[in-house]
Amino acid sequence: MYLRKIKLKDASLMHEWMSDSDITQYMRGNFSESSIEDAKKFIRNIKNIENRIDFAICSNTDEYMGTITLKNINRINNSAELSMVVRKKAMNKGYAWFAISEIIKKAFDRIKLECVYWCVPVENEKAIHFFEKHHFHENLDISREILDRYNDNIFLKWYSVLKGDKFDIPQQVVGCRVVNIKTIPTVEAGQLSFFEVDTDIDFEIKRVYYISKVNEGVRRGFHAHKNLKQLLFCPYGRIQLILENENGREEIELSDPSIGIEITSPTWREMLWLQSNSVLCVVASEKYDPNDYIRDYEEFRDFIK
Ligand code: T46
């Protein structure tokens with residue numbers, strides 16, 4: 001899938017969603033009477049609309065799956081409003097998530113914006129579920145100027161992403177808590193991250209170790225612990241962490257110094273170095289005890305039964 005300029009040939013599939021009231025019921029425009037000619041007119045006109053960029057969301061065979069837009073681009077505060085529509089056929093297939101993550105990257109990296117925001121009518125449960133599932137933050141501090149664009153009678157939920165924000169960070173991975181490590185940025189001098197026992201992590205620290213000088217593609221781990229509690233974080237580089245316990249098997253990429261994962265119950269772990277010299281740091285609740293390791297996978301499965 002990819003994003004590209006909207007073309008005239010997209011008009012008939014654009015008209016398909018325009019005539020689908022399940023899709024248009026939460027949109028501001030009235031599409032009930034619209035024709036393919038209207039879709040064509042829209043496509044011809046969009047390049048003339050100021051402060052706005054539209055993309056077609058496409059399948060790998062160049063089929064139009066929907067539109068994603070940055071509108072009301074404000075060059076004074078470098079913000080823009082996002083809106084998106086996908087055809088029924090494209091729902092639950094990853095198109096919406098692909099489009100939103102791509103456009104947010106474009107907004108910050110290419111268009112040099114600082115903030116992207118959007119809103120959803122509260123009755124649009126499907127859309128709200130999608131944004132919540134991807135852990136977007138609700139924004140309760142939207143300016144009057146933006147709110148005034150909308151009818152006061154509609155209850156809207158607002159979301160926003162700021163430049164530098166990580167989005168789609170889960171709260172848990174197979175039940176293990178994802179810890180937001182407090183991080184203080186210093187202008188043009190990097191950032192400092194810290195955590196403290198009791199307030200930030202749930203165990204006393206008896207040991208600290210870190211794994212370094214590992215080449216890309218190397219895998220480590222392949223064991224679980226019986227009692228040990230640990231907080232794992234990656235202050236430099238990119239490491240994929242695969243975790244498995246009675247809640248299933250899931251992975252998370254550790255690549256942000258302000259994200260850690262706290263493992264406090266028997267959990268099988270595998271680590272894959274996605275970038276050479278990435279550093280994996282671990283604080284642990286106990287001193288090193290080889291008897292606490294379960295290194296055989298079948299034994300681990302029996303252990304958690
Ligand atoms: C874990 C993952 C994330 C010690 O002597 N003291 C220590 O504190 C540790 C952690 C290890 N060792 C010895 C044991 C082995 O001879 O260091 C050697 C390498 O350990 P291991 O093969 O267990 O390394 P990893 O990367 O597979 O696993 C390590 C931790 O051992 C483990 O507790 O959760 O990192």
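Reader: What makes the approach of the H225 side chain to an oxygen atom of the ligand a polar contact?

Author: In this predicted model, an N or O atom in the side chain of H225 is 2.6 Å from an oxygen atom of the ligand. A polar contact is a pair of N or O atoms within 3.5 Å, so the pair formed by H225 and the ligand qualifies.

Reader: How do you know that R207 and Y293 also make polar contacts with the ligand?

Author: The side chain of R207 has an N or O atom 2.3 Å from an oxygen atom of the ligand, and a polar side-chain atom of Y293 lies 2.5 Å from a ligand oxygen atom. Both values fall within the cut-off of 3.5 Å, and therefore each pair counts as a polar contact.

Reader: How much of the ligand does the protein bury?

Author: Taken alone, the ligand exposes 650 Å², and 69% of that is buried by the protein.

Reader: Which residues come nearest to the ligand, and which elements give two or more residues to the shell around it?

Author: Of the 14 residues around the ligand, those that come nearest are R207, R220, H225, Q230 and Y293. Two or more residues of the shell are given by each of β12 (207-211), β13 (219-225), β14 (230-236) and β18 (268-273), and the largest share, 4 residues, comes from β13. Sorted by class, the shell has 6 nonpolar, 4 polar and 4 charged residues.

Reader: Turning to the helices, how is the packing of α1 and α3 described?

Author: Two packed helices are described by the angle between their axes and the distance between the axes. For helix α1 (residues 11-18) and helix α3 (residues 36-46), the angle is about 115 degrees and the axes are 8 Å apart. The crossing in which α1 passes α3 is right-handed.

Reader: What makes A11 and I36 part of the contact between α1 and α3?

Author: Contact means heavy atoms within 4.5 Å, and so the residues that make the contact of these helices are A11, S12, M14, H15 and M18 of α1 together with I36, A39, K40, F42 and I43 of α3. By class, this contact has 7 nonpolar, 2 polar and 1 charged residues.

Reader: Which loops hold N78 and K112, and what is the phi of each?

Author: N78 lies in the loop between β3 (64-74) and β4 (79-86), and its phi is near 50 degrees, a positive value in a residue other than glycine. K112, in the loop between α4 (95-109) and β5 (115-121), is likewise not a glycine and has a positive phi of about 60 degrees.

Definitions and conventions:
Residues numbered from 1 in each chain as written. Predicted model: local features only at pLDDT ≥ 70, side-chain atom pairs only at ≥ 80, totals over all residues. Heavy atoms only, no water. Axes fitted to C-alpha atoms, helices over the stretch in contact; angles between N-to-C directions. Left-handed = near helix turned anticlockwise from the far one by under 90°. Nonpolar A, V, L, I, M, F, W, Y, C, P; charged D, E, K, R; others polar. Near = heavy atom within 4 Å. Polar contact = N/O pair within 3.5 Å; in protein donor to acceptor, adjacent residues only side chain to side chain. Areas by Shrake-Rupley, 256 points an atom, 1.4 Å probe, with all protein chains shown as cover.
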